[in-house]
Amino acid sequence: MEVLTKAGLSVNEAKVLSYLFKKKEATARELEQNMRMRQPEVSIATTKLFNKSLIDRRVIKTGGKGRPRHVYVVKNEAIDILKGWVANKIEELEDTLKELDKMRVET
């Protein structure tokens, strides 16, 4: 989880993603119970991860009325996306270091 939060994910996003890395797929209810998260936290985290293209979701047909249930799975390219984020962070830090060096020279 620490690696994922350093890559720029929130704690809840990191919890969900690390669970999905281990289990391959899970329902929102499973995530709530196993990660000790509340339903809104799971919903927000899965929505953000889906929007960041790190996970996919598919609908489970229950045959009843009400809201559809989803199963969440990690996308195959999730690691590559995270590597790209880390590379961008490294680039930003290097730019910041260059700016600090320029400030040191100017003073």
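Trainee: Why are H2 and H3 called roughly perpendicular to each other?

Mentor: In this predicted model, the axes of H2 and H3 cross at roughly 105° and come within 11 Å. Angles of 65 to 115 degrees count as roughly perpendicular, and H2 and H3 are therefore given that description.

Trainee: What makes the contact between H2 and H3?

Mentor: Lys15, Val16 and Tyr19 take part from H2, while Glu30, Leu31, Asn34 and Met35 take part from H3. Sorted by class, the residues of this contact are four nonpolar, one polar and two charged.

Trainee: How do you know which description fits H2 and H4, roughly parallel or roughly perpendicular?

Mentor: The axes of H2, residues 11-23, and H4 cross at roughly 80° and come within 9 Å. The range for roughly perpendicular is 65 to 115 degrees, and H2 and H4 are therefore roughly perpendicular to each other. Their contact is made by Asn12, Glu13, Val16 and Leu17 of H2 together with Glu41, Ala45, Thr46, Lys48 and Leu49 of H4, and the residues divide into four nonpolar, two polar and three charged.

Trainee: What makes up the lining of the largest pocket?

Mentor: The largest pocket holds about 370 Å³ of space. It is lined by 15 residues, of which Ala28, Gln39, Pro68, His70 and Tyr72 are the closest to its centre. Helix H3 (28-35), helix H4 (39-51) and strand E3 (69-74) are the elements that each give two or more residues to this lining, and H4 gives the most, with five.

Trainee: How do the residues of that lining divide by class?

Mentor: The lining of the largest pocket has four nonpolar, six polar and five charged residues.

Technical notes. Residues are numbered from 1 along each chain as its sequence is written. This is a predicted model: local features need pLDDT of at least 70, side-chain atom pairs count only at pLDDT 80 or more; totals for chains, interfaces and linings use all residues. Side-chain values use heavy atoms; hydrogens and water are left out. On a 1 Å grid over the protein atoms alone, a cavity is a set of points where a 1.4 Å probe fits but cannot get out, and a pocket is an open set with protein on both sides within 12 Å along at least five of seven lines; lining residues have an atom within 4 Å of a point. Grid points are joined across faces, edges and corners, and a volume is the space filled by probe spheres set on the points. Helices (H or I, at least four residues) and strands (E, at least two) are DSSP runs, numbered from the N terminus. Ala, Val, Leu, Ile, Met, Phe, Trp, Tyr, Cys and Pro count as nonpolar, Asp, Glu, Lys and Arg as charged, and the others, Gly among them, as polar. Axes are lines fitted to C-alpha atoms, for helices over the stretch in contact, and angles run from 0 to 180 degrees between N-to-C directions. Angles under 35 degrees count as roughly parallel, over 145 as roughly antiparallel, 65 to 115 as roughly perpendicular and the rest as oblique. Contact means heavy atoms within 4.5 Å.
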